[in-house]
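Work through the exercises below with the sequence and the model open side by side. Try each task before reading its solution.

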Amino acid sequence: MEIKDKNTNTSKNIKLTWKSLLGFTLATILLVVTISTLKVNLLTIEEWQTLLRRLPYILIGNQENWAVKGGFALNIIISLACMIISTILGVILGLSQISSQRVVRWLAWFLTQFFRNSPWLVILYVVLYLFPFQINLGFVSVEFSPVAKSIVGLSLVVAANISEIVRGAIQSIPSEQWEAAKAMGYTNNQILRLVIFPQAFKRMIPPWMNWYAILTMGTTLTNLVGVPEGLTSVRQVLELEGERFAIPLYTILMLLFFLYCYPIAWWTRKLEQRLVE
């Protein structure tokens, strides 16, 4: 219930006060819980030194040099590779969903819905067992490591969602744009390429960025199929140093994902606001 006043700013200030009070209360509770947890699990100086020594292993899966062999850096590499592949596949599927050919349209729709509504982990396991670890082509042999298989599996899921983004963005353009372009003598391909797609592209960017953030967080699932990513690195350190380091190490990994994904989410909101304006 709002308190009305002659000055409209009064109601707004009361709203901001309640929001600030709620945020302050939640932050206080979180701070108290964190301090209580740290008191119970307080590390000694030697243990902090051990934690710092193991930090490069969490970041790049390597403590000898700067070569990336796993860790959080591998999560980022997998997410970037998946996003490139899934964007290409998603655009193709999205355009196929609005194709004038019924067979192409229904096939694209089926693939999109199938991978959109399948569990990520199940797809990862299917790809893991479906693809061989090595294919000999006579003059060259192609290896499919768990990392490569994980990229393929995650790309299929994200491509299906990007397909819906592309289809929805294109169909959101008013039909008058098609009619005006046809009146000027453009073909359907020219209309799509020169008129519709440039306008729809701006609408695709925010959800595309949002899905990249989701994909980055979802790369932690690859530890279950043998990929030495960040979560796997944390578990390996815990096996060597003991469960006493569980809270600090998992907290560090959580902060790494937060520091990487939050700017993407913030930028996504800014772009959405700009498009609305």
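**Exercise 1. The chain as a whole**

Task: Find what share of the contacts between residues at least 6 apart in sequence joins residues at least 24 apart, and describe the order of helices and strands along the chain.

Solution:
- Step 1. Among contacts in this predicted model between residues at least 6 apart in sequence, 67% join residues at least 24 apart.
- Step 2. The chain has ten helices and two strands.
- Step 3. Along the sequence, their pattern reads α-α-α-α-α-β-β-α-α-α-α-α.
- Step 4. The chain has 277 residues, and 34% of them count as buried.

**Exercise 2. Two helices that pack**

Task: Describe how H3 and H8 pack, and sort the residues of their contact into nonpolar, polar and charged.

Solution:
- Step 1. Locate helix H3 at residues 71–97 and helix H8 at residues 188–218.
- Step 2. The axes of H3 and H8 are 11 Å apart, at an angle of about 145 degrees.
- Step 3. The crossing of these two helices, H3 and H8, is right-handed.
- Step 4. H3 contributes Ile-76, Ser-79, Leu-80, Cys-82, Met-83, Thr-87 and Leu-95 to the contact, and H8 contributes Leu-192, Trp-208, Trp-211, Tyr-212, Leu-215 and Thr-216.
- Step 5. Sorting the residues of the contact of H3 with H8 gives ten nonpolar, three polar and no charged.

**Exercise 3. Leu-95 and Ser-96**

Task: Decide for Leu-95 and for Ser-96 whether the residue is buried or partly exposed, and list the contacts of Leu-95 and of Ser-96.

Solution:
- Step 1. Leu-95 is in helix H3, and Ser-96 is in helix H3 as well.
- Step 2. The relative accessible area of Leu-95 is 29%, so Leu-95 is partly exposed.
- Step 3. Ser-96 has a relative accessible area of 18%; the limit for buried is under 20%, so Ser-96 is buried.
- Step 4. Leaving aside neighbours within four places in sequence, Leu-95 is in contact with Val-166, Ile-170 and Leu-192.
- Step 5. With the same neighbours left aside, Ser-96 is in contact with Val-104, Arg-105 and Ala-108.
- Step 6. Arg-105 is ten residues from Leu-95 along the chain, and the C-alpha atoms of the two are separated by 8.7 Å.

**Exercise 4. Leu-192 and Val-195**

Task: For Leu-192 and Val-195, set a distance in sequence beside a distance in space.

Solution:
- Step 1. Leu-192 is placed in helix H8, and Val-195 is placed in helix H8 too.
- Step 2. Leu-192 and Ile-170 are 22 residues apart in sequence, and their C-alpha atoms are 8.6 Å apart.
- Step 3. Ile-170 is among the contacts of Leu-192, together with Leu-95, Ile-98, Trp-178, Phe-197 and Pro-198, leaving aside neighbours within four places in sequence.
- Step 4. Val-195 and Gln-177 are 18 residues apart in sequence and 7.6 Å apart in space, C-alpha to C-alpha.
- Step 5. Not counting residues up to four places away in sequence, Val-195 touches Gln-177, Ala-181 and Gln-190.
- Step 6. The relative accessibility of Val-195 is 18%, so Val-195 counts as buried.

**Exercise 5. Aromatic pairs**

Task: State how many aromatic pairs the structure has, then classify the pair of Phe-110 and Phe-114 and the pair of Trp-120 and Trp-211.

Solution:
- Step 1. A pair of aromatic rings is described by the distance of the centres and the angle of the planes.
- Step 2. A search of the whole structure finds nine aromatic pairs.
- Step 3. For Phe-110 and Phe-114, the centres are 5.9 Å apart and the planes are at 25 degrees, and the pair is stacked.
- Step 4. Both residues, Phe-110 and Phe-114, lie in helix H4 (residues 102–116), four residues apart, about one turn of the helix.
- Step 5. Phe-110 is partly exposed at 45% relative accessible area, and Phe-114 is partly exposed at 44%.
- Step 6. For Trp-120 and Trp-211, the ring centres are 6.3 Å apart and the planes are at 20 degrees, so this pair is stacked.
- Step 7. This pair links distant parts of the chain, with Trp-120 in helix H5 and Trp-211 in helix H8, 91 residues apart.
- Step 8. Ring pairs also link Phe-72, Tyr-212, Phe-257 and Tyr-260 into a cluster.

Key
Residues numbered from 1 in each chain as written. Predicted model: local features only at pLDDT ≥ 70, side-chain atom pairs only at ≥ 80, totals over all residues. Heavy atoms only, no water. Buried < 20%, exposed > 50% of the residue type's maximum accessible area, 1.4 Å probe, protein only. Contact = heavy atoms within 4.5 Å. Axes fitted to C-alpha atoms, helices over the stretch in contact; angles between N-to-C directions. Left-handed = near helix turned anticlockwise from the far one by under 90°. Nonpolar A, V, L, I, M, F, W, Y, C, P; charged D, E, K, R; others polar. Phe/Tyr/Trp six-rings, centres within 6.5 Å; stacked < 30°, edge-to-face > 60°.
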